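Visitor: I would like a close look at a single part of this model, taken slowly and with its surroundings. Please begin with one loop and then work outward to whatever else can be said with care.

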Amino acid sequence: MTKKLTFNELNLSKDILKAVADMGFEEASPIQSEAIPVILQGKDIIGQAMTGSGKTAAFGIPVIEAIDPKQRFPQALILCPIRELAIQVAGEINKLSKYKAPLAALPIYGGQPIERQMQALRKGPSIIIGTPGRVLDHINRGTLNLKNIKIAVLDEADEMLDMGFRDDIEAILRNTPTTRQTLLFSATMPAAIIHLARAYLKDPHTIRVAHEKLTVPAIEQIYFEIESFKKLDLFTRLIDLHDPALSIVFCNTKRRVDDLVSDLQARGYAAEAIHGDLTQQKRNKVMERFRRKEVDILVATDVAARGIDVSDVEAVFNFEIPQDEESYVHRIGRTGRAGKSGKAFSLVSGGEMYRFRDIKRYTKAVMTRLPVPSFQEVEEVKINKLLTTIRKVIGEKKLEQYTPVIESLLKDDVTSLDVAATLLKMYMQATTTSKKAARR
Ligand code: ADP
Ligand code: MG
């Protein structure tokens, strides 16, 4: 049963309702509708829902309600697996808290100078959002005191365990009062998560947004059966055909990510890699350029892309089929964010077919198999787009500067039609070898 409430039905303070309205949220998502009332009652919870389902506000809103901004010390702690996520969560919480407690949330993470964080911590922010390693570092230095923590949140707990943060998380929680309320969010529920919950949560209430609801319906899921060595060609055709504003392309290994980026750059596409081997600085730079649309194809591994929330991603590509079904769901959740429409394309080779069938069964999603678009189809689409542009530019007039140039070419046996066709041919040739480069 999908329960969806309006925010007015959730007994929230006026300040939060105003902030939520500013953010343009119309109604609470299923996980928010179910989790917020239980958290407000002070209960521990285990929340399971897909990426993009609005978990941040599900815990962020009750956390903001719980803090007293006049008290200048940390009252809530949120642990996230990666820096990008800590920054994102802090950003979302600061938007939600802007009327009640402006700038209540402080993100702390590795990679940023520790002195700057120590300075910010001295001001006594109410809500700390951090990656486990850096949080523990501050505890050990005595620059972060958790003795007044009322609520602790483990966001993307499965991911944190996968990254080897288990000991750090336990050490951090031991530094918080046992009277605290604990909220654990995880996309999957492996045994390690259940153990963690048993050890640190008190009589938790489990909230699970069922699998049927996990697949975001706004996302059209398409797949192609294609031999491995033809994937690059198919991918570039799909990009040319659909011309998505921003795309994320997934590969299963860092190596494959790097190789694909080189191949794409060689063909003139504005593609960049994002994976765990890059320095934090490089990753930030890539993400910034992606947000600014200077890079329009982000090639990523699962972990690197996890939690990234860029709203204009129009297409997700599974260049390789992921190892498990849940990764598939996470990947396609990178598009269609916040109710926008998106498309997910999977390029399935013979050897991947078996795994892909499992994914189809698990997600119960409608996946449409399409034939590989032909070169002619791609050409046709490109020509049609060009014709539209030409009509528009003709409509704008202002061609005086160029008409004499063309006139100078005209002879008895060279008509203006010939000149126009020549220009079109040259354009098509240029854009076939270096498509995106020519567009820029
Ligand atoms: P999750 O943590 O479950 O992956 P997020 O909390 O990052 O999801 O939310 C995904 C996106 O949806 C964010 O851009 C967020 O601002 C937006 N969002 C969250 N709640 C709502 C809502 N009730 N209505 C509309 N958009 C929402
Ligand atoms: Mg999240």
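Guide: Pro190 is found in the loop that runs between β6 (181-185) and α9 (191-200), in what is a predicted model. With a relative accessible area of 37%, Pro190 is partly exposed, because that value falls between the limits of 20% and 50%. The C-alpha atom of Pro190 is separated by 35 Å from that of Leu103, a residue 87 positions away along the chain.

The strand that leads into this loop, β6, spans residues 181-185, and Phe185 takes part, with Ser186 and Ala187, in lining the second largest cavity. The structure holds two cavities of 30 Å³ or more, and the second largest encloses about 40 Å³ of space. The rest of its lining is made up of Thr51, Lys55, Glu156, Arg306 and His330. By class, this lining divides into two nonpolar, three polar and three charged residues.

Glu156, one of the residues of that lining, deserves attention for its backbone as well. Glu156 lies in the loop between β5 (151-154) and α7 (157-162), and its phi is positive, at about 50 degrees, although the residue is not a glycine. Most residues other than glycine have a negative phi. Glu156 counts as buried, because its relative accessibility is 9%. A comparable note applies to Lys293, which is not a glycine either and has a positive phi of about 65 degrees. Lys293 lies in the loop between α13 (280-291) and β11 (297-300), and at 37% relative accessibility Lys293 counts as partly exposed.

From here the account can turn to charged side chains, for the structure holds 19 salt bridges. In one of them, the side chains of Glu170 and Arg166 meet with an N to O distance of 3.2 Å. Both residues lie in helix α8 (residues 166-174), four residues apart, or about one turn of the helix. Glu170 is buried, with a relative accessible area of 15%, whereas Arg166 is partly exposed, with 29%.

A second pair within one helix is formed by Asp358 and Arg361, whose side chains meet in a salt bridge of 3.4 Å, N to O. These two residues are separated by about one helical turn, because they are three residues apart in helix α16 (residues 353-363). Asp358 counts as partly exposed at 24% relative accessibility, while Arg361, at 59%, counts as exposed. Salt bridges that share partners also join Glu272, Lys282, Glu288, Arg289, Arg292 and Glu294 into one network.

A further salt bridge is formed by Glu225 and Arg369, with the closest N and O atoms 3.5 Å apart. This pair links distant parts of the chain, since Glu225 belongs to strand β8 (residues 219-225) and Arg369 to strand β14 (residues 367-369), 144 residues apart. Glu225 is partly exposed at 34% relative accessibility, and Arg369 is likewise partly exposed, with a relative accessible area of 48%.

The last region to consider is the second largest pocket, which has a volume of about 760 Å³. Of the 18 residues that line it, the closest to its centre are Ile390, Ile394, Ile406, Ala420 and Leu423. The elements that give two or more residues to this lining are α17 (375-395), α18 (403-409) and α19 (416-433), and α19 gives the most, with seven residues. By class, the lining has 14 nonpolar, three polar and one charged residues.

Ile390 and Ile394, two of the residues closest to the pocket centre, also belong to a nonpolar surface patch of about 500 Å², which they make together with Leu387, Val393, Leu399 and Tyr402. Leu399 is found in the loop between α17 and α18, and Leu399 counts as partly exposed because its relative accessibility is 34%.

How values were computed: Residues are numbered from 1 along each chain as its sequence is written. Chains are lettered from A and ligands numbered from 1 in the order in which they are written. This is a predicted model: local features need pLDDT of at least 70, side-chain atom pairs count only at pLDDT 80 or more; totals for chains, interfaces and linings use all residues. Side-chain values use heavy atoms; hydrogens and water are left out. On a 1 Å grid over the protein atoms alone, a cavity is a set of points where a 1.4 Å probe fits but cannot get out, and a pocket is an open set with protein on both sides within 12 Å along at least five of seven lines; lining residues have an atom within 4 Å of a point. Grid points are joined across faces, edges and corners, and a volume is the space filled by probe spheres set on the points. Ala, Val, Leu, Ile, Met, Phe, Trp, Tyr, Cys and Pro count as nonpolar, Asp, Glu, Lys and Arg as charged, and the others, Gly among them, as polar. Patches are made of residues with over 30% relative accessible area and no salt bridge: like charges are joined within 9 Å, nonpolar side chains (Val, Leu, Ile, Met, Phe, Trp, Tyr) within 5 Å. Accessible areas come from the Shrake-Rupley method with a 1.4 Å probe; for residues, only the protein chains shown count as cover. A salt bridge is a side-chain nitrogen of Lys or Arg within 4 Å of a carboxyl oxygen of Asp or Glu. Buried means under 20% relative accessible area, exposed over 50%, partly exposed in between (1.4 Å probe, protein chains only).
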